[in-house]
Amino acid sequence: MINSLTAVPVAVVSLIAAMSVVPVARGATSYAAGPPTQFMKIQGGSIAYDDSGGSGPLVICVPGMGDVRAQYRFLAPALERAGFRVVTMDLRGMGESSVEWPDYSAAAVGADMVAMVEHLKASHAFIIGNSMASAAAVWAAAERPDRIDGIVLIGPFVRDIPTSWVMNALLKVAFVRPWGVPVWSRYYASLYPTSPPADFARYQAALRENLSQRGRFAALQEMLDASKAPCEARIPEVRARVLVIMGSKDPDFSDPAAEANLVAKRLHGDLLMVDGAGHYPHAEMPTKVEPAIVKFLGGASDGVKTGA
């Protein structure tokens, strides 16, 4: 998720200067009531997921670091209505997945995606990945071209973007106790620059609660430090169809349009720019994003600009 992080220095300075900690909303771990969480047990731990069931084409939705599978609370129902079987899964260390994994890299998450396809005994699947999970989706598509038919990359980090030593130093200070979780929470809010969802305050409180649980913020720190180079190296191996979605005001990139065009070109994919949206256009402006994803998954490309 993070590379440019223009919002973090401001948050760090204000929080450290005040020496205050944003209170955590207790009891907000589970964002919304629903069917019991399912778990995929693999070597190293267990991955939490929800499965809509059904016989439609499988779509696996994976959030970016520091977030949970409820990020897809708007997109998942739209995909279900379109006839897809939708699985939303937590990252290792996040949400309801277990902690203390030996590896939190994007490549490891890509292996989890492949494991999920195999766990569900699906012969074919689509993957939707946000932020660093986009790099993981690239890895998964390269690993199993026989099973991964298409990938949707939202606000994609598929490569390591250089940052200055000043920013790196600030990050080291920002994400330590006692202000790590509140700094992240304040930064997270900046990723919805135009139209935060109506339930954003409650959702943000749930994320703070989740990251305050033992081992979860440490997992986030490991993800921040992990290189995406192994995933980028596999870009030439990707044979799946690709749709890149980027918000025009995504604060994680100094030039969101340039990064989106670069990713789409390298993956020979289609590109959808969402005017005014930040890092989560599918949650911030779902009505602009959902139709394009449904059309892409169904094989159509109406209204989507070719990025190749």
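**Entry 1: the β1–β2 hairpin and its partners**

I began with strands β1 (residues 38–42) and β2, and found that they pair in the antiparallel sense over five bridges. This is a predicted model, so I looked up the confidence as well: the mean pLDDT of the protein is 87, and 81% of its residues reach 70 or more.

At the turn of the hairpin I noted that two residues lie between the strands and that G44 takes a positive phi near 105°. I42 has G45 in β2 as its bridge partner. I then checked how covered β2 (residues 45–51) is, and recorded it as mostly covered, with five of its seven residues buried.

Following β2 onward, I found three bridges that join it to strand β4 (residues 85–89), and these two strands run antiparallel. Within that pairing, Y49 has M89 in β4 as its bridge partner.

**Entry 2: strand β4**

How many residues of β4 are buried? I counted five of the five, so β4 is largely enclosed by the rest of the structure. I also wanted to know how the two sides are filled, keeping in mind that in a regular strand the side chains alternate between the two faces of the sheet. Both faces of β4 turn out to be covered, with R85, V87 and M89 buried on one side and V86 and T88 buried on the other.

β4 also has strand β3 (residues 58–62) as a partner, through four bridges, and here the strands run parallel. In this pairing I found C61 opposite T88 in β4.

**Entry 3: G93, after β4**

I next looked up G93, which sits in the loop between β4 and α3 (106–119). Buried or exposed? Its relative accessibility is 0%, so G93 counts as buried. Leaving aside neighbours within four places in sequence, I listed the contacts of G93 as S98, V99, W101, Y104, R216 and A219. Two of these residues, R216 and A219, are among the buried residues of helix α8, which I take up below. I also noted that the C-alpha atoms of G93 and L211 are separated by 9.4 Å, although the two residues are 118 residues apart along the chain.

**Entry 4: helices α7 and α8**

L211 belongs to the buried residues of α7, so I turned to that helix (200–211). As a check on its geometry, I compared the expected span with the model: at 1.5 Å a residue, the 12 residues of α7 should span 16 Å, and its end C-alpha atoms are 16 Å apart, which agrees. Of these 12 residues 10 are buried, so α7 is largely enclosed by the rest of the structure. The buried residues include the charged-letter entries R208 and E209 as well as F200, Y203 and L207, and the buried residues of α7 pack against α6 and α8.

In α8 (residues 216–225) I found R216, F217, A219, L220 and M223 buried. Seen down the axis of α8, these buried residues fall within an arc of 155°, so they line one face of the helix. I set this beside the general rule that an α-helix has 3.6 residues a turn, so residues three or four places apart point the same way. Among the elements that cover the buried residues of α8 are α4 (132–143), α6 (180–189) and α7 (200–211).

By way of contrast I looked at A198, in the loop between α6 and α7; its relative accessibility is 90%, so A198 counts as exposed. A198 and E284 are 86 residues apart in sequence, and their C-alpha atoms are 9.5 Å apart.

**Entry 5: the nonpolar cores**

Which residues touch the most other members of the largest nonpolar core? Of its 72 residues, I recorded I60, M113, M116, I151, L153 and Y188. The largest share of this core, 10 residues, comes from α4. I also found a second, separate core of 23 residues, which includes F84, L272, V289 and A292.

Y188 I followed further: not counting residues up to four places away in sequence, it touches D67, F200, Y203, L207 and Y280. Of these, F200, Y203 and L207 are buried residues of α7.

**Entry 6: the whole chain, and where I hold back**

For the overall picture I noted 12 helices and nine strands, and that 57% of the 308 residues count as buried. Among contacts between residues at least 6 apart in sequence, 79% join residues at least 24 apart.

I treat two stretches with caution. Over residues 4–30 pLDDT stays under 50, and the model has 52 contacts beyond four places in sequence for them. Over residues 300–304 pLDDT also stays under 50, with eight such contacts.

Methods: Residues are numbered from 1 along each chain as its sequence is written. This is a predicted model: local features need pLDDT of at least 70, side-chain atom pairs count only at pLDDT 80 or more; totals for chains, interfaces and linings use all residues. Side-chain values use heavy atoms; hydrogens and water are left out. Buried means under 20% relative accessible area, exposed over 50%, partly exposed in between (1.4 Å probe, protein chains only). The arc is that of the directions from the helix axis to the C-beta atoms. Contact means heavy atoms within 4.5 Å. A nonpolar core is a set of buried Ala, Val, Leu, Ile, Met, Phe, Trp, Tyr and Cys residues joined through side-chain atoms within 4.5 Å. pLDDT is the predictor's confidence in each residue, from 0 to 100. Two strands pair if DSSP finds at least two bridges between them. The expected span of a helix is 1.5 Å times one less than its number of residues.
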